[in-house]
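Visitor: I'm new to this one, so please put it up on the screen and take me through it step by step.

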Amino acid sequence: MTLYIDPPTWPGYGRLWSHLVSDVSFEELHAFAAAIGCPPRAFERDHYDVPQAHYADAVRAGAREVGSKELVRRLTAAGLRRPKGRPAPAGRPPGP
């Protein structure tokens, strides 16, 4: 199991956020996110938004720290990238 998380540098709602992704499957991503307490509403197309306060929890649970560009590269290479405005690829479930 390999999950990746980028640094909490994305501002929103008065917080900084990270993105949590899998390079294997959405099933793996959803299971990991649930195990660290991410609510289903935190899932957005191909990643979970993780607030800065929970970044260390994700890393302690096994998420690998990578930069944002590396995170997107791995997500794209795995065929799991879902840019805004595009439908989910065939055979991929839409989320939890």
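Guide: One term to begin with: a salt bridge is a side-chain nitrogen of Lys or Arg within 4 Å of a carboxyl oxygen of Asp or Glu. What you're looking at is a predicted model, where local features need pLDDT of at least 70 and side-chain atom pairs count only at pLDDT 80 or more, while totals for chains, interfaces and linings use all residues. Residues are numbered from 1 along each chain as its sequence is written, and side-chain values use heavy atoms, leaving out hydrogens and water.

Visitor: Which residue forms a salt bridge with Arg-74?

Guide: Look along helix α3, where Arg-74 has its partner four residues away, about one turn of the helix. (Helices, H or I with at least four residues, and strands, E with at least two, are DSSP runs numbered from the N terminus.) The closest N and O atoms of the pair are 2.7 Å apart, and the partner is Glu-70.

Visitor: Which residues do salt bridges join into one network?

Guide: Glu-70 pairs with Arg-74, and Arg-73 also forms a salt bridge with Glu-70, at 2.8 Å between the closest N and O atoms. Arg-73 and Glu-70 are three residues apart in α3, so about one helical turn separates them. Through shared partners, then, the network is made of Glu-70, Arg-73 and Arg-74.

Visitor: Is Arg-74 buried or exposed?

Guide: Buried means under 20% relative accessible area, exposed over 50%, and partly exposed in between, using a 1.4 Å probe and protein chains only. Arg-73, at 46%, is partly exposed, and so is Glu-70, at 25%. Arg-74 has a relative accessibility of 18%, so it counts as buried.

Visitor: How many residues apart in sequence are the parts that Arg-81 and Asp-46 tie together?

Guide: These two form a salt bridge whose closest N and O atoms are 3.0 Å apart. Arg-81 sits in the segment after α3, whereas Asp-46 belongs to the loop between β4 and β5, so their link spans parts whose separation in sequence is 35 residues.

Visitor: Is Asp-46 buried or exposed?

Guide: Its partner Arg-81 is partly exposed, with 31% relative accessibility. Asp-46 has 1%, so it counts as buried.

Visitor: How many salt bridges does the count come to?

Guide: You've met some of them by now, including Arg-81 with Asp-46. By the rule I gave at the start, the count comes to five.

Visitor: How many of the residues of strand β5 are buried?

Guide: Take the two faces of β5 in turn. His-47, Asp-49 and Pro-51 are buried on one side, and Tyr-48 and Val-50 are buried on the other. The strand covers residues 47-51 and is largely enclosed by the rest of the structure, because the buried ones number five of the five.

Visitor: Which residue of β5 does Trp-17 stand opposite?

Guide: Two strands pair if DSSP finds at least two bridges between them. β3 and β5 pair in the antiparallel sense over four bridges. Across from Trp-17, in β5, stands Pro-51.

Visitor: Which residue takes a positive phi in the hairpin of β4 and β5?

Guide: β4, residues 43-44, runs antiparallel to β5, and two bridges join them. Phe-43 stands opposite Tyr-48 there. The hairpin has two residues between its strands, and the one with a positive phi near 60° is Arg-45.

Visitor: Is Ser-25 buried or exposed?

Guide: Ser-25 is found in the loop between β3 (15-22) and α1 (26-35). With a relative accessible area of 15%, it falls under the 20% limit, so Ser-25 is buried.
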